[in-house]
Amino acid sequence: MPAVEIRHLVKDFKTSLKRQPLRAVDDVSITIEAGEVYGLIGPNGSGKSTTMKALLGLVVPTSGTCSIFGKDSLKVDSREDVGFLPENPYFYKHLTGAETLEFYGKLCGLRGAVLKDRVSELLALVDLEGARDRRIAGYSKGMLQRIGLAQALVQEPRLVILDEPTAGVDPLGSRQIRDLILKLRDRGITVFLCSHLLEQVQEVCDQVGIIFKGKIVKSGRLQDLIAIEDQTEIILKDAPPELVAEIEALVKRSGSAEWLRSGKPRTTLERLFLRETSGDES
Amino acid sequence: MTARKSIPFSRVRRLAVIAGHAFTQLVRMKVFYFLGFFAVIGIASNFFNLPQQSGPEALGDNGMDLLRLIKSWSLGPMTLFSVVMGIVSTALLLPKDVEDRTLYTILAKPVPRLDYLAGKLMGVLLLLFVSLALMDLLMVIMLQVRLSIVLEVQASLGQSRGWDAAAIESLRQDTLAQGPTWALQGAVAAVFIRSAIMAAIALLISTFSSSTLFTTVVSFLIYFIGHFQADARDFYFEGGEAGTSAASRYLAMSVSLVFPDFQLFNVIDAVIQGKTMQLIQFVKLTLAGLYYVAVYTIASWFVFSDKEF
């Protein structure tokens with residue numbers, strides 16, 4: 001049974017009385033298998049968030065259906081297995097980090113020692129143990145995103161939906177969230193995320209869908225979509241220039257392949273930043 | 001991850017979680033500061049120096065006037081506080097959750113929308129109940145202290161003037177009726193019921209309103225209209241005989257159906273005057289309160305269940 005099944009989803013929003021309704025999502029179909037990380041990418045206003053909200057029952061589809069592990073999204077019980085982190089979330093400022101997780105845990109039926117353990121476990125997972133008794137009002141943007149991710153995981157859902165999880169977060173915080181998503185994947189949790197930060201999506205997703213003006217214009221396995229089928233990459237370490245020249249000559253002699261270029265691969269600016277600010281070599 | 005899957009969760013417990021959270025949220029907004037203000041008013045009324053108080057006139061109605069004054073000065077701020085808090089805090093909670101997107105995270109959990117609405121309302125009602133209980137306690141203490149002084153003065157003056165025991169006892173009974181009676185507790189309960197109705201109305205308006213200000217203003221308008229609801233109802237029932245137009249009658253009928261009848265709560269003024277509240281009156285008020293709160297909450301649910309975020 002797929003974790004997420006969206007079939008021919010259409011969502012129109014009323015504008016003014018005389019004007020045509022605005023079609024935010026136009027015949028979108030997405031299937032996400034359990035354990036996959038699916039990235040929905042697209043420019044602002046392309047229908048990403050509306051698709052997610054329809055999946056969570058926060059908006060009612062004009063037509064089409066959404067289901068989570070086979071349960072209709074418009075039914076409350078479909079939410080038992082879902083955690084959701086909205087874009088730019090703000091939690092109750094009067095609560096501390098631990099109280100926030102306790103509140104959401106109680107809403108999901110957790111209590112007593114189980115809840116207490118779960119709260120401590122999640123605070124450790126998102127690296128907020130030091131801020132557990134600090135009011136949310138004093139949290140930075142990155143901390144808010146991480147506590148948001150923790151609340152999404154509180155009832156140990158099988159599906160986590162993340163709407164722009166790294167929006168407005170600095171590269172360090174962004175890396176932490178990326179690592180958390182990878183941890184979730186390792187634990188077999190299905191992740192459905194939407195973002196317009198393409199590099200991040202590329203790093204974590206198994207499947208992607210590109211949405212534009214409400215329509216899915218491309219979808220499939222990430223590696224299949226981005227592979228350049230007629231090219232081959234060879235990366236050498238400590239290769240002397242003579243060896244490179246020899247290989248190039250061999251390729252030219254073969255006549256069956258074209259030597260395109262050689263040179264030193266470049267790291268990304270993000271990796272450079274992370275290495276300089278945290279000693280991270282990855 | 002070591003946590004077990006969530007156990008089946010009773011609806012009552014979930015309502016209690018949401019209500020408890022709404023209560024904490026309001027308490028941390030420091031609404032209880034009002035209690036300090038109330039205490040100052042109460043104490044001031046207790047020491048209010050009536051010109052007639054110091055003479056032998058304290059023997060008769062003036063001693064009782066003082067007790068009436070304390071009740072009036074206490075129940076007035078209680079009504080003001082509970083209605084303002086009931087409306088404003090309810091009007092604030094829902095839009096704030098939408099604006100901060102905390103509503104998304106709550107409704108993305110297995111929380112039915114009715115539970116969310118009812119939980120929020122119950123949180124406000126809990127706040128009103130606790131606040132009124134504390135104010136009631138203050139009022140009863142002040143009233144009891146003053147009552148014992150008045151009774152003492154009356155007894156000694158009555159004896160010095162040679163009144164017979166029956167006359168002194170009769171005056172004593174009249175004075176006791178102005179003290180902390182069950183009827184007075186009924187009046188405090190009526191204040192709570194009225195504020196609960198207003199909170200439920202504010203909840204309904206906030207489900208379709210786009211701003212806290214709009215919800216607050218409209219709720220206060222309904223509060224005032226509620227005091228004329230009974231007049232509209234009488235106009236409807238008696239209108240035909242009076243020869244008024246059908247349109248006017250239907251307008252009056254719609255007013256009497258949609259708006260609560262707050263003239264039922266005039267009993268509070270009667271209690272301040274020392275009259276008693278019959279049990280049947282209290283039961284009527286309670287049932288009317290339950291009816292209005294249930295109707296407005298269900299109406300809120302109808303609007304909120306189809307709302308998109």
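B:Arg14 is buried in this predicted model, its relative accessible area being 10%. The partner of B:Arg14 in a salt bridge is B:Asp115, and their closest N and O atoms are 3.1 Å apart. B:Asp115 is likewise buried, with a relative accessible area of 2%. Because B:Arg14 belongs to helix α1 (residues 11-27) of chain B and B:Asp115 to helix α5 (residues 113-160) of chain B, the pair ties together parts that are 101 residues apart in sequence.

Across all chains, the structure holds 20 salt bridges. Chain A supplies further examples. A:Asp12 and A:Arg23 form one of these bridges, with the closest N and O atoms 2.7 Å apart. This pair links distant parts of the chain: A:Asp12 lies in strand β1 (residues 4-13) of chain A, A:Arg23 lies in strand β2 (residues 22-32) of chain A, and 11 residues separate them. A:Arg23 also forms a salt bridge with A:Asp26, where the closest N and O atoms are 3.7 Å apart. A network of salt bridges links A:Asp12, A:Arg23, A:Asp26 and A:Lys215.

The acidic partners of A:Arg23 can be described by their accessibility. A:Asp12 counts as buried because its relative accessibility is 18%, and buried means under 20%. A:Asp26 is buried too, with a relative accessible area of 18%. A:Arg23, by contrast, is partly exposed at 42%.

The three salt bridges described here are listed below.

| Salt bridge | Closest N and O atoms |
|---|---|
| A:Asp12 and A:Arg23 | 2.7 Å |
| A:Asp26 and A:Arg23 | 3.7 Å |
| B:Arg14 and B:Asp115 | 3.1 Å |

The nonpolar interior forms the second topic of this report. The largest nonpolar core has 149 residues. Helix α7 (residues 182-208) of chain B gives the most to this core, contributing 17 residues. The residues with the most contacts inside the core come from chain A, namely A:Ile161, A:Phe192 and A:Leu193, and from chain B, namely B:Leu75, B:Met78, B:Tyr116 and B:Ile197.

A:Phe192 illustrates the surroundings of such a residue. Leaving aside residues up to four places away in sequence, A:Phe192 touches A:Ile30, A:Ile32, A:Tyr38, A:Leu40, A:Met52 and A:Leu55, together with A:Leu159, A:Val160, A:Ile161 and A:Leu162. One of these neighbours, A:Ile161, is itself listed with A:Phe192 among the residues with the most contacts inside the core.

Terms used: Residues are numbered from 1 along each chain as its sequence is written. Chains are lettered from A and ligands numbered from 1 in the order in which they are written. This is a predicted model: local features need pLDDT of at least 70, side-chain atom pairs count only at pLDDT 80 or more; totals for chains, interfaces and linings use all residues. Side-chain values use heavy atoms; hydrogens and water are left out. A nonpolar core is a set of buried Ala, Val, Leu, Ile, Met, Phe, Trp, Tyr and Cys residues joined through side-chain atoms within 4.5 Å. Buried means under 20% relative accessible area, exposed over 50%, partly exposed in between (1.4 Å probe, protein chains only). Helices (H or I, at least four residues) and strands (E, at least two) are DSSP runs, numbered from the N terminus. Contact means heavy atoms within 4.5 Å. A salt bridge is a side-chain nitrogen of Lys or Arg within 4 Å of a carboxyl oxygen of Asp or Glu.
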